[in-house]
Amino acid sequence: MKQYPLLILALVMTLAAVAMTFAVQGRPAAAQAAAQYVGSARCSSCHMDVYQRWSKTRMANVVRDPVAHPDAIIPDLNIPNPLVTFKKSDIAFVYGSKWKQRYFTKVGDDYFPLPAQWDVQHKVWRAYKVALGTDWWTAYYPDDNAKRPTGPLCDGCHSVNYNIATKTVTEWNVGCEKCHGPGSVHAAQPTRANIVNPARLDSNSANDTCIQCHSQGKPKSNPIDGKYYDWPVGFRMGLKLSDYWELEEHKLGTTTFTHYADGTAHKNRMQGNDFSTSLMYSRGVTCYNCHDVHGTVNNADLRKPVDQLCMTCHGVGSENGPHTATLQQHTHHAAGSEGNQCVGCHMPKIEPEISDVMVRSHTFKFISPTLTDDLNVPNPCTTCHTDKTTTWAIDNLRTWPEFSIWRVAR
Ligand code: HEC
Ligand code: HEC
Ligand code: HEC
Ligand code: HEC
Ligand code: HEC
Ligand code: HEC
Ligand code: HEC
Ligand code: HEC
């Protein structure tokens, strides 16, 4: 009998803990659980400005049907090319427009990649087939585009609500609800409590809004119904990404398909892998502090032009650095020079997107030319000064007293 008060106490404490969990998660989680996906068009009635800007972004237009959008196909298919073994009428979907364009054909209820892709920058055709031993999933699929459906390998990142059982989507492209969660309850009775706003999540979850697609990794539950997926199946906003997805592993010192030896990303679509290693990420900076994904006039939907963006939070006299009397004293390049741009040294273009077309690193760290000598990681100095050697770069850095020789020129 004496134990009863203790038991009751334990029960009360458990209930309190459960109640606290709900309070911390807040009402959005509960309201979201009951919500259905309604599609971006539905949001436009009340958020017209956001909708109109978003509809012009690349993310809103990555997947297009050439019947509905005849201008989607960039190259002229009438010019014969030995790599192009398909006709316009074979193309059910076109993916991409900035760096590379790929083409997909429909067979049954699946889509499959065609064997040629367009290199947008060089304006040439290149063969397209993911080589064995590159992406981790090539071990689980035949070496044949016709046996590599986009459902498990691509579609979760180019659509909203891809259903792996029915192979259907609410909509193609990166629609509103991919980042805000299902919106039926909110659309019927709009309040701030029944829709996810990444800006009101903790910064790790907020960054996961973008990392769910902008990363190289594997689902935790592979294989799913016997198939290997390359996107975070089961995740939606409001849940915890790390319950569904793990970032690609890397052993320091090795250069792999996905990583340079120092851990910097070695391919495109790894902004999340990179950024999560940076000091800015630890300090609560988010992808959307720099990018407005609803669309801006700047390249890559930057909130400000690339030569002004960093100065939102940085500058001489700013606690965030650089800690010099003038900016030129930090950069050692004249104002207006390419070598004076923050991104030149802190976001070098070293991550291959297609052929020699590179995108920028997102670790924001300065990669020393000594790392090029020791571990073959490209450094910003000789990536820009292509006619110079690492020894030249190191010799110059040794004469720049703002930087520690032990860190950057050893
Ligand atoms: C019937 C009109 C209506 C529709 C439809 C609608 N919204 Fe809203 N939305 C609102 C209003 C009004 C608010 C502001 C609510 C407030 O301040 O209490 C809002 C606020 C928001 C917010 C900000 C929440 C915050 O934390 O500040 C987001 C994000 C949002 N809506 C996204 C969406 C998305 C995505 C859709 C489509 C699935 C959508 N809305 C559809 C009216 C609507
Ligand atoms: C790729 C992810 C992404 C997509 C797609 C997206 N949003 Fe957002 N949205 C965000 C993020 C991140 C924020 C918080 C940062 C900010 O305010 O820009 C946000 C904020 C908002 C807000 C609150 C702030 C404001 O600007 O009023 C509204 C409303 C909103 N989104 C509506 C929409 C609607 C409607 C769509 C589709 C037409 C959409 N979003 C598509 C990521 C996204
Ligand atoms: C559903 C997957 C998905 C999500 C979620 C997503 N992205 Fe994207 N993002 C893409 C795809 C696919 C493209 C390529 C679009 C193209 O080039 O056609 C892209 C392109 C971009 C670009 C380049 C745009 C340009 O015009 O150069 C930026 C910047 C970007 N995303 C930032 C973000 C940020 C920031 C977030 C989070 C707020 C986010 N993305 C969330 C899939 C996603
Ligand atoms: C984990 C999410 C994810 C998966 C899986 C994925 N993509 Fe993407 N894709 C993205 C993001 C994010 C981008 C934009 C960033 C970049 O290209 O670095 C992108 C960009 C692209 C682009 C370039 C767009 C442009 O404008 O140049 C093409 C083409 C593309 N993807 C095709 C595919 C194909 C084909 C597959 C399957 C074999 C696939 N993707 C799988 C997320 C994904
Ligand atoms: C501190 C600012 C900052 C943060 C944080 C940031 N980016 Fe960027 N991002 C940039 C800049 C600057 C560029 C280059 C734009 C240019 O060259 O014109 C860029 C480019 C990109 C591109 C286009 C590819 C390229 O390199 O040109 C994508 C996609 C992208 N960012 C996605 C993301 C995602 C996803 C996150 C979060 C995981 C993120 N960014 C965080 C500043 C930032
Ligand atoms: C939204 C604010 C914000 C923006 C925009 C921003 N930063 Fe930062 N940055 C920070 C903060 C905060 C820190 C951490 C400062 C500290 O704790 O000492 C930081 C730190 C850094 C560091 C030092 C990192 C280290 O490992 O020591 C570098 C380098 C840097 N930022 C580069 C950039 C570049 C390049 C851009 C523009 C592409 C940029 N930042 C844009 C807020 C920002
Ligand atoms: C010519 C190359 C170069 C350019 C351009 C450059 N940096 Fe740096 N930055 C460096 C080097 C080298 C370091 C030292 C790295 C280390 O110690 O590991 C550094 C360190 C930093 C740090 C951390 C140390 C500190 O003083 O707080 C910040 C913050 C930073 N840079 C911000 C910026 C910003 C903002 C810009 C644009 C105005 C910029 N950098 C442009 C080379 C450059
Ligand atoms: C994004 C391009 C870019 C990056 C990154 C860059 N520079 Fe430069 N650098 C230039 C340009 C352009 C000039 C020509 C003069 C000017 O406009 O400032 C220059 C001039 C110089 C000069 C003086 C002229 C010469 O050729 O002797 C030195 C020394 C120099 N850079 C060293 C470096 C070092 C060391 C680094 C790495 C810490 C670096 N640069 C990073 C673009 C760059």
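Two residues are in contact if their C-beta atoms, placed from the backbone, lie within 7 Å. On that basis, among contacts in the protein chain between residues at least 6 apart in sequence, 51% join residues at least 24 apart. The model on screen is a predicted one.

**Whole chain**

Start with the protein chain in cartoon view. There are 16 helices and twelve strands to step through. The C-alpha trace spans about 80 × 70 × 45 Å along its principal axes. Colour by burial next: of the 410 residues in the protein chain, 28% are buried.

**The largest nonpolar core**

Select Val-63, Phe-93, Val-94, Tyr-95, Tyr-103, Phe-104 and Tyr-111, the seven residues that make up the largest nonpolar core. Two strands, strand 2 (93–95) and strand 3 (100–107), each supply at least two residues of this core. Strand 2 provides the largest share, three residues. In soluble globular proteins, nonpolar side chains tend to be buried together.

Centre on Tyr-95 and leave aside the neighbours within four places in sequence. The remaining contacts of Tyr-95 are Val-62, Val-63, Gln-101, Arg-102, Phe-104 and His-158. A second core of six residues is separate from the first and includes Cys-43, Ile-195, Val-196 and Met-237. Keep Cys-43 selected for the stop at ligand 2, where Cys-43 is among the residues that come nearest.

**Strands 3, 5 and 6**

Go back to strand 3 and add strand 5 (residues 116–119). These two strands pair in the antiparallel sense over two bridges. Lys-100 is the residue to pick here, standing opposite Asp-119 in strand 5.

Now add strand 6 (residues 124–127), which pairs with strand 5 in the antiparallel sense over four bridges. Ala-116 stands opposite Ala-127 in strand 6. Strand 5 and strand 6 form a hairpin with four residues between them. In the turn, select Lys-123, whose phi is positive at about 55°.

**Ligand 2**

Show ligand 2 and the 20 residues around it, of which Cys-43, Cys-176, Cys-179, Pro-198 and Ala-199 come nearest. Helix 2 (40–44), helix 3 (48–55) and helix 5 (176–180) each supply at least two residues of this shell. Helix 5 gives the largest share, four residues. By type, the shell around ligand 2 divides into twelve nonpolar, six polar and two charged residues.

**Ligand 6**

Move to ligand 6, with 18 residues around it. Those that come nearest are Leu-279, Cys-310, Cys-313, Cys-342 and His-346. Three helices each supply at least two residues of the shell: helix 9 (279–282), helix 10 (287–290) and helix 12 (342–346). Which helix gives the most to the shell around ligand 6? Helix 12 does, with three residues. The shell around ligand 6 holds eleven nonpolar, five polar and two charged residues.

**Strands 11 and 12**

Select strand 11 (residues 349–354) and strand 12 (residues 357–360), which pair in the antiparallel sense over four bridges. The bridge partner of Glu-351 is Val-359 in strand 12. The two strands form a hairpin with two residues between them. Ser-355 in the turn has a positive phi of about 45°.

**Ligand 8**

Select ligand 8 and the 14 residues around it, of which Ser-337, Gly-339, Gly-344, Cys-381 and Cys-384 come nearest. Helix 12 appears again here: helix 12, helix 14 and helix 15 each supply at least two residues of the shell around ligand 8. This shell divides into seven nonpolar, six polar and one charged.

**Helix 15**

Finish on helix 15 (residues 390–398) and look down its axis. Ala-393, Ile-394 and Leu-397 are buried. Why do these buried residues lie on the same side of helix 15? They cover an arc of only 95° around the axis, and therefore share one side of the helix. An α-helix has 3.6 residues a turn, so residues three or four places apart point the same way.

Turn to the other side of helix 15, where Thr-391 and Asp-395 are exposed. To see what covers the buried residues of helix 15, display elements including helix 13 (369–375), helix 14 (380–384) and helix 16 (405–408). Helix 14 and helix 15 are also among the helices that each supply at least two residues of the shell around ligand 8.

Terms used. Residues are numbered from 1 along each chain as its sequence is written. Chains are lettered from A and ligands numbered from 1 in the order in which they are written. A residue is near a molecule or strand if its C-beta atom, placed from the backbone, lies within 6 Å of it. Ala, Val, Leu, Ile, Met, Phe, Trp, Tyr, Cys and Pro count as nonpolar, Asp, Glu, Lys and Arg as charged, and the others, Gly among them, as polar. A residue is buried if 20 or more other C-beta atoms lie within 10 Å of its own, exposed if 12 or fewer, and partly exposed in between; C-beta atoms are placed from the backbone. The arc is that of the directions from the helix axis to the C-beta atoms. A nonpolar core is a set of buried Ala, Val, Leu, Ile, Met, Phe, Trp, Tyr and Cys residues joined through C-beta atoms within 7 Å. Two strands pair if DSSP finds at least two bridges between them.
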